[in-house]
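Me: I should like to learn how the strands, helices and ligand surroundings of a model are read. Please take the features one at a time, with the general idea before the case.

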Amino acid sequence: MNVLSVENVDKTFTLHLQGGLVLPVLRGVTFAVPPGECVVLGGESGAGKSTIMKMVYGSYAADRGRIALAHRGGELDLVTAAPREVIAARRDSMGYVSQFLRAVPRVSAQDVVAEPLVERGVEREVARDRAAELLARLSIPERLWALPPATFSGGEQQRVNIARGFAAERPLLLLDEPTASLDARNRAVVIEMIRERLAAGTGMLAIFHDHDVRDAVADRVVDVAAFTPAREAVAA
Ligand SMILES: Nc1ncnc2c1ncn2[C@@H]1O[C@H](COP(=O)(O)OP(=O)(O)OP(=O)(O)O)[C@@H](O)[C@H]1O
Ligand SMILES: [Mg+2]
């Protein structure tokens, strides 16, 4: 069984500030992510890659189609799931490394990374130890662990975000440009972490700007341009 199966998904945006213009962005999106494989979304800027990612994570609603996620021994259709089911799916079945860290004020970097484990019932001290291992592996200096990441550099924030996304093991991991602002050494660490998790059976859906990273980990590239409808906006 696939960890993710996307079937015939359409997405339009309605531009309320422009008299309700309807902008068709994606039509008939279909692909699957098997366990242990990394599927990369390709296509030019504006093709709809991040929009697909956000629909899978439940942040954007799809107009139609099916987005089936392996969840609690069965499948959850994220197109029709209730909000509390989406929250449960995020906790137990899919991780997401967004392009930018959404830093919570006053929470230390170590706790930001430990949080997904604590949410899943791991004892706080065990979760914090695991967080420390990840932060060390990603070369975040120990003096920063107790500080909130809001004032960290772009690359440091991105590494905290990666550590958080990798803290809990879930069947599906979504990666939106995780290595965009990393130096070569940290990029190599992230590639190694991705490979380890793939070998353990995690399925991944990823966007990589960097072709070297893509070539190092991708099993398959889905060309999102194939799902781009003619782009004239139509009046509602
Ligand atoms: N919330 C929104 N409201 C209106 N239009 C949107 C919204 N989000 C995305 N779009 C439009 O949908 C299209 C696809 O955007 P998306 O961000 O998915 O592209 P992308 O492939 O991720 O591009 P990039 O490589 O630049 O990140 C773009 O034309 C964008 O303007
Ligand atoms: Mg994008």
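Reply: Two strands pair if DSSP finds at least two bridges between them. The model shown here is predicted. In it, β1 and β2 make a hairpin, with 5 residues between the two strands. Within that turn, G19 has a positive phi of about 65°.

Me: In which sense do β1 and β2 pair, and over how many bridges?

Reply: The pairing of β1 (residues 4-15) with β2 is antiparallel and extends over 9 bridges. As one example of the register, V9 has V29 of β2 as its bridge partner.

Me: Which sheet contains this hairpin, and in what order do its strands lie?

Reply: A general point on strands comes first: in a regular strand the side chains alternate between the two faces of the sheet. Here the order is β2-β1-β4-β5, an open sheet of 4 strands with antiparallel pairing. β2 and β5 (74-77) each have a single partner strand, so one side of each is left without a neighbour in the sheet. From one strand to the next, the twist averages 30°. β1 is also joined to β4 (residues 64-71), by 5 bridges in the antiparallel sense; there V6 stands opposite I67.

Me: What is the strand order of the sheet that contains β3, and is its pairing parallel or antiparallel?

Reply: That open sheet has 5 strands in the order β6-β7-β8-β3-β9, and the pairing is parallel. Its edge strands, β6 (94-97) and β9 (220-223), each pair on one side only. The twist averages 20° from one strand to the next. Between β3 (residues 38-42) and β8 (residues 203-207), which run parallel, there are 3 bridges, and C38 stands opposite M204 of β8. The helix α5 packs on this sheet, where it touches β6 and β7 (172-176). The direction of α5 makes about 175° with that of β6.

Me: How is the packing of α3 against α5 to be described?

Reply: One reads the angle between the two directions, and angles under 35 degrees count as roughly parallel. The axes of α3 (residues 109-119) and α5 are 7 Å apart, at an angle of about 25°; the two helices are therefore roughly parallel to each other. The crossing is right-handed. On the α3 side the contact is made by A109, V112, V113, A114, P116 and L117, and on the α5 side by V160, A163, R164 and A167. By class, these residues are 9 nonpolar, no polar and 1 charged.

Me: At roughly what angle do α4 and α5 cross, and which residues make the contact?

Reply: The axes of α4 (residues 124-137) and α5 (residues 154-167) cross at roughly 135° and come within 9 Å. These helices are therefore oblique to each other, and their crossing is right-handed. From α4 the contact involves R130, A131, L134 and L135, and from α5 it involves A163, F166 and A167. The division by class is 6 nonpolar, no polar and 1 charged.

Me: Finally, which residues are around ligand 1?

Reply: The shell around a ligand may be read by residue, by element and by class. Around ligand 1 are F13, L23, V25, G43, S45, G46, A47, G48, K49, S50 and T51. β2 (21-33) and α1 (49-56) each supply at least two residues of this shell, and α1 gives the largest share, 3 residues. By class there are 4 nonpolar, 6 polar and 1 charged residues.

Conventions
Residues are numbered from 1 along each chain as its sequence is written. Chains are lettered from A and ligands numbered from 1 in the order in which they are written. This is a predicted model: local features need pLDDT of at least 70, side-chain atom pairs count only at pLDDT 80 or more; totals for chains, interfaces and linings use all residues. A residue is near a molecule or strand if its C-beta atom, placed from the backbone, lies within 6 Å of it. Ala, Val, Leu, Ile, Met, Phe, Trp, Tyr, Cys and Pro count as nonpolar, Asp, Glu, Lys and Arg as charged, and the others, Gly among them, as polar. Axes are lines fitted to C-alpha atoms, for helices over the stretch in contact, and angles run from 0 to 180 degrees between N-to-C directions. Angles under 35 degrees count as roughly parallel, over 145 as roughly antiparallel, 65 to 115 as roughly perpendicular and the rest as oblique. A crossing is left-handed if the near helix is turned anticlockwise from the far one by less than a right angle, and right-handed if clockwise. Two residues are in contact if their C-beta atoms, placed from the backbone, lie within 7 Å.
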